[in-house]
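Look at the fold below before reading on. Try to trace the chain from one end to the other. The report then follows the sheet and one residue in it.

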Amino acid sequence: MSDHAMSTQVVDVAPLVSIPENLLTLNGIVLGVFDRDPNADKGYEGFSKVQILGNTLLPNGQVQASLHDLKVSNPEYYRQRQGQMVHVAVGTMIHAGAVLLYAVKK
């Protein structure tokens, strides 16, 4: 085998590890839910967002409160839990140098 060739071995890791469906969860308190009406002139559909207040642990050990607006497909679920702790499966993406969270659709 040459120095540049690599051998590939297929290993079934399912019995060894259990990978959760979603690796990130936003935990926080529901502050509110708001709806955006559709606007055909600007070409977008209506949607609902939930505002969740969470805590971010800083490198120096302090805690910073952070507000997250997430677009959701089930706003009534969050309206019923206003003021309560929720756990939301989220994904991340980077836009203009900032990390953005989005609710994962189930």
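Two strands count as paired if DSSP finds at least two bridges between them. With that in mind, Leu26 stands opposite Val88 in β4. Keep in mind that this is a predicted model.

**The chain as a whole**

The protein chain holds one helix and five strands. From the N terminus, the order is β-β-β-α-β-β. The chain has 106 residues, and 20% of them count as buried. Its accessible surface is about 8700 Å². Carbon and sulfur atoms make up 52% of that surface. Now take the contacts between residues at least 6 apart in sequence. Of these, 41% join residues at least 24 apart.

**The sheet**

How are the five strands ordered in the sheet? The order is β3-β2-β1-β4-β5, in an open sheet with antiparallel pairing. Strands β3 and β5 stand at the edges with a single partner strand each, so one side of each has no neighbour in the sheet. On average, neighbouring strands are turned by 45° against each other, direction ignored. What holds such strands together? Strands of a sheet pair through backbone hydrogen bonds, either parallel or antiparallel.

Two of the pairings in this sheet are set out here.

| Pair | Residues of one strand | Sense | Bridges |
|---|---|---|---|
| β1 and β4 | β1: residues 24-36 | antiparallel | six |
| β4 and β5 | β4: residues 85-95 | antiparallel | six |

Strand β4 appears in both rows. It pairs with β1, and it also pairs with β5. In the pairing with β5, Thr92 stands opposite Leu101. Strand β5 itself covers residues 98-103.

How many residues lie between β4 and β5 in their hairpin? There are two. Ala96 sits in this turn and has a positive phi of about 55°.

**A closer look at His68**

Where does His68 lie? His68 belongs to strand β3, which spans residues 63-72. This strand is at an edge of the sheet. The side chain of His68 makes a polar contact with the side chain of Ser66, at 3.2 Å.

Which residues does His68 touch, leaving out those up to four places away in sequence? They are Leu26, Val50, Gln51, Ile52 and Leu101. Two of these names have come up before. Leu26 is the residue opposite Val88 in β4. Leu101 is the β5 residue opposite Thr92.

Methods. Residues numbered from 1 in each chain as written. Predicted model: local features only at pLDDT ≥ 70, side-chain atom pairs only at ≥ 80, totals over all residues. Heavy atoms only, no water. Helix = DSSP H or I, 4+ residues; strand = E, 2+ residues; numbered from the N terminus. Polar contact = N/O pair within 3.5 Å; in protein donor to acceptor, adjacent residues only side chain to side chain. Contact = heavy atoms within 4.5 Å. Axes fitted to C-alpha atoms, helices over the stretch in contact; angles between N-to-C directions. Buried < 20%, exposed > 50% of the residue type's maximum accessible area, 1.4 Å probe, protein only. Areas by Shrake-Rupley, 256 points an atom, 1.4 Å probe, with all protein chains shown as cover.
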